[in-house]
Amino acid sequence: MPTLAFSSQLINLCAALLLLLSFAMLSQRRVLTLVDLFAMQGGTLFVSIMVVAWSTGQPHLYYSAALTLILKVILLPLILHRLIRRLGAQWESETLLNTPITMLAGLLLVIFAFTLAQPISQLANTVTRGTLGIALAVVMLAFLMMITRRKAVTQVIGFLAMENGLFFAATSATYGMPMVVELGVALDVLVSMVILGIFFFHIREQFDSLDLHNMESLKED
Amino acid sequence: MELLMLLGLPLLGSLLLALIGRREWAPEANVLMSAGTFAAGVWLTAHVIAHGPMLVWHEQFFIDPFNVFLVILTSFIGLTTSLFSRPYLRTEEHHGRLNRRQLRLYHSMFQLFIFTMLLALTTNNMGILWVAMEAATLTTVLLVSLYRTPASIEAAWKYFILCGVGLAQALFGTILLYFAAEKVLGNAGSTALLWTHLNEVKGQLEPTVLSLAFVFMLVGYGTKVGLAPLHNWLPDAHAEGPTPVSAVLSGLLLNVALYAVVRCKVLVEGSVRSDLAGNLMMGFGLLSLVLAAFLLWRQKDIKRLFAYSSIEHMGIATFAFGMGGPVANFAALLHMTVHSLTKSSLFFTVGHATQKAGTQVMDKIRGLITSNPTVGWGLMLGTLAILGMPPFGVFTSEFLILITAMREHPWATPILLLGLGVAFGAIFSRVQAMVFGETSLPRLPHPPALVPVFAQLALVLMLGLYIPPHLAAWYREAARLIG
């Protein structure tokens, strides 16, 4: 078992990487690279949960880490890759809104997240207390990505990245939720991915592209 | 045992209907499963009345007067909706809008949806409550896009993304709640998310964390309740999905989401000892009421009209829960009940009317009372009921809410009256034109199922004139629990 100070530094490193990856996703135009970034984010999450599990000796966190590895690092990126290939969308990229402004908005969100998490972090007695702000920031950056993108696939990746942030929040604030809840959440994420996969095909069938610009008929009020 | 049947039957039903759903008699099997679920609900209720609250299966499930009445309401509306969908979907198949594969998907997902609703209501674990709410979104999203038209796919996508993002906020709130609870209860044996345990120690939970948690949970579950300004998905999902789905979305899903909010509010009020939670709910409630009432005037589509009316009524119920106190809570519970009954029966009649007219555009639906008197009268009576005309039950609950507001929050009374008045004008003028007037609409190939409509309206009428003492005692007990 490593010393708490050392593992706490490792976790902080992971948290910083997560935040960096969130910004990378925010500015990435190519869909396939975005999937890889998402897988890397899942990998970082896995490492950080492993470190927390190792340094605190919480056995159920190992299961939680295994769940993350299987779902977020292997299964979901695999499904996304296959979907994108089958849709023939692997070379697609999308025009972003003004990148500097998006980045600036992202920065502001991070500051906001830190301010919001500040009083709570002080109450935490876990080794990971400083990272709750980062977890919230990851959630908010994913949210920003969903708002600024117009492609169905990228919105979904944003949705999944948000789930990553939430898992990180659960580990950093409380050493993970009860197992039954984590399993339930993981099941929901997996099922939603399957349903979204079906959806992609429906959308393309009806609109001839995965661009959500075409979806504006229901905008009367 | 009762609980096992209640949860097991719809789950089994969804598997069974996934296997045999293409058969001619699948709709009847659907009705049968729903009837079984309703019977289990009645059995469970009888048990709770006789023996008091239940806490079973390692305290993972908890039944008290507050959720048991929602359980029975949910299973009852599940049953009536399955009765209604039988001729409705056959007619859709006859018109060539749906094929057998889609019907199989519908029946299987319908049962699964009922399962998730009942799970959300009966679970004692706040985390499982979240899982069940998310699962409810997942089961209904494919139902909203059942027709595979561009508009329905767009509506389903919007529904999925907005509710997914909303529920992610609720999960963050749940994590914060767990974080606060873990300090008091410890994380051994994972009792820290069990509502009964949380309720016992709510006085010791950290107020700053809980108030932040409540904001996240209110925004999250509030998205599913359809509270303004997070209501955007609701009218689209109601208008573009098949009508039985609109009926269960309005009649059940919104109630269960509001139930989740109220469960959170009980914990937060015990911890924070200020009116923060109540004030937030009152604010969101009033905003939804007024915004929906004004947007009602702009609607052209009949299902969108009644979807906005659902937002309005959920706003009223949220406002009442926000005020708190025995009378307002009693009224809010009654309002949830009568709104569910009335709104789902309205959607049933609207479903038949739109099938007859072949359109959902209100200007093209005319003279229902001459072409099919029962549908016409059903629509007229349902509309009068939902608008809060005496002697229907909605009048009683709205009246109670109004007088409580006058006494405790006089500033809110004019806003409430304004919202109700504007909504009345908007809905009544439209429906009146649809029911009366000249017409030459064809007959339906399958006779409409109007028994559930009139049965539900009769119940609403009864609740307006006379609330059985059992039920009243029950509401009072639940209102006391909510505080």
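Where in chain B does P229(B) lie? The answer is the loop between α8 and α9 (233-240) of chain B, and a close-up of that loop appears among the views below. Please keep in mind throughout that this is a predicted model.

**Figure 1. Chain B as a whole, built from 19 helices and two strands.** The radius of gyration of chain B is 21 Å, close to the 23 Å that the globule rule gives for 483 residues, so chain B is as compact as a globular protein of that length. Along the principal axes, the C-alpha atoms of chain B fill a box of roughly 70 × 55 × 45 Å. Of the 483 residues in chain B, 64% are buried. Among the contacts in chain B with a separation of 6 or more, 81% are between residues 24 or more positions apart.

**Figure 2. Chain A, with seven helices and zero strands.** If you follow chain A along its sequence, you will read the pattern α-α-α-α-α-α-α. Buried residues account for 45% of the 221 residues of chain A. For contacts in chain A between residues at least 6 apart in sequence, 74% join residues at least 24 apart.

**Figure 3. The contact between chain A and chain B.** Chain B brings 37 residues to this contact, and chain A brings 35 residues. On the chain B side, α5 (126-144), α6 (150-185) and α8 (207-225) each supply at least two of the residues that touch chain A. The largest share of that side comes from α6(B), with 16 residues. Sorted by character, the residues of chain B that touch chain A are 23 nonpolar, seven polar and seven charged.

**Figure 4. Helix α6 of chain A beside α6 of chain B.** Here the axes of α6(A) (residues 152-174) and α6(B) come within 10 Å and cross at roughly 5°. Angles under 35 degrees count as roughly parallel, so α6(A) is roughly parallel to α6(B). To find the contact from the chain A side, look for Q155(A), F159(A), M162(A), E163(A), L166(A), A169(A), A170(A), A173(A) and T174(A) of α6(A). From the chain B side, look for I161(B), G164(B), A168(B), L171(B), F172(B), I175(B), Y178(B), F179(B) and E182(B) of α6(B). Together, the residues of this helix-to-helix contact divide into 13 nonpolar, three polar and two charged.

**Figure 5. Helix α5 of chain B, largely enclosed by the rest of the structure.** How many of the 19 residues of α5(B) are buried? The count is 19 of the 19, so α5(B) is largely enclosed by the rest of the structure. A quick check on helix length works nicely here: at 1.5 Å a residue, the 19 residues of α5(B) should span 27 Å, and the end C-alpha atoms are 27 Å apart, which agrees.

**Figure 6. L187(A) and its partner along the chain, L71(A).** You can find L187(A) in helix α7 (residues 179-207) of chain A. The C-alpha atoms of L187(A) and L71(A) are separated by 9.5 Å, although the two residues are 116 residues apart along the chain. Is L187(A) buried or partly exposed? With 15 other C-beta atoms within 10 Å, L187(A) is partly exposed; a residue needs 20 or more to be buried.

**Figure 7. Two cis peptide bonds in loops of chain B.** One cis peptide bond joins A228(B) and P229(B), with omega about 0°. As noted at the start, P229(B) lies in the loop between α8 and α9 of chain B. Another cis peptide bond runs from P390(B) to P391(B), with omega near 10°. For that one, look in the loop between α15 (373-386) and α16 (393-408) of chain B, where P391(B) is placed.

**Figure 8. E59(B) and R148(B), with positive phi values.** E59(B) has phi near 65°, a positive value in a residue other than glycine. Its place is in the loop between β1 (54-56) and β2 (61-63) of chain B. E59(B) counts as partly exposed, with 15 C-beta neighbours inside 10 Å. R148(B), also other than glycine, has a positive phi near 60°. The loop between α5 and α6 of chain B holds R148(B). With 14 C-beta neighbours inside 10 Å, R148(B) counts as partly exposed.

Definitions and conventions: Residues are numbered from 1 along each chain as its sequence is written. Chains are lettered from A and ligands numbered from 1 in the order in which they are written. This is a predicted model: local features need pLDDT of at least 70, side-chain atom pairs count only at pLDDT 80 or more; totals for chains, interfaces and linings use all residues. Two residues are in contact if their C-beta atoms, placed from the backbone, lie within 7 Å. Helices (H or I, at least four residues) and strands (E, at least two) are DSSP runs, numbered from the N terminus. Ala, Val, Leu, Ile, Met, Phe, Trp, Tyr, Cys and Pro count as nonpolar, Asp, Glu, Lys and Arg as charged, and the others, Gly among them, as polar. Axes are lines fitted to C-alpha atoms, for helices over the stretch in contact, and angles run from 0 to 180 degrees between N-to-C directions. Angles under 35 degrees count as roughly parallel, over 145 as roughly antiparallel, 65 to 115 as roughly perpendicular and the rest as oblique. A residue is buried if 20 or more other C-beta atoms lie within 10 Å of its own, exposed if 12 or fewer, and partly exposed in between; C-beta atoms are placed from the backbone. The expected span of a helix is 1.5 Å times one less than its number of residues. The radius of gyration is taken over C-alpha atoms; the globule rule is 2.2 Å times the number of residues to the power 0.38.
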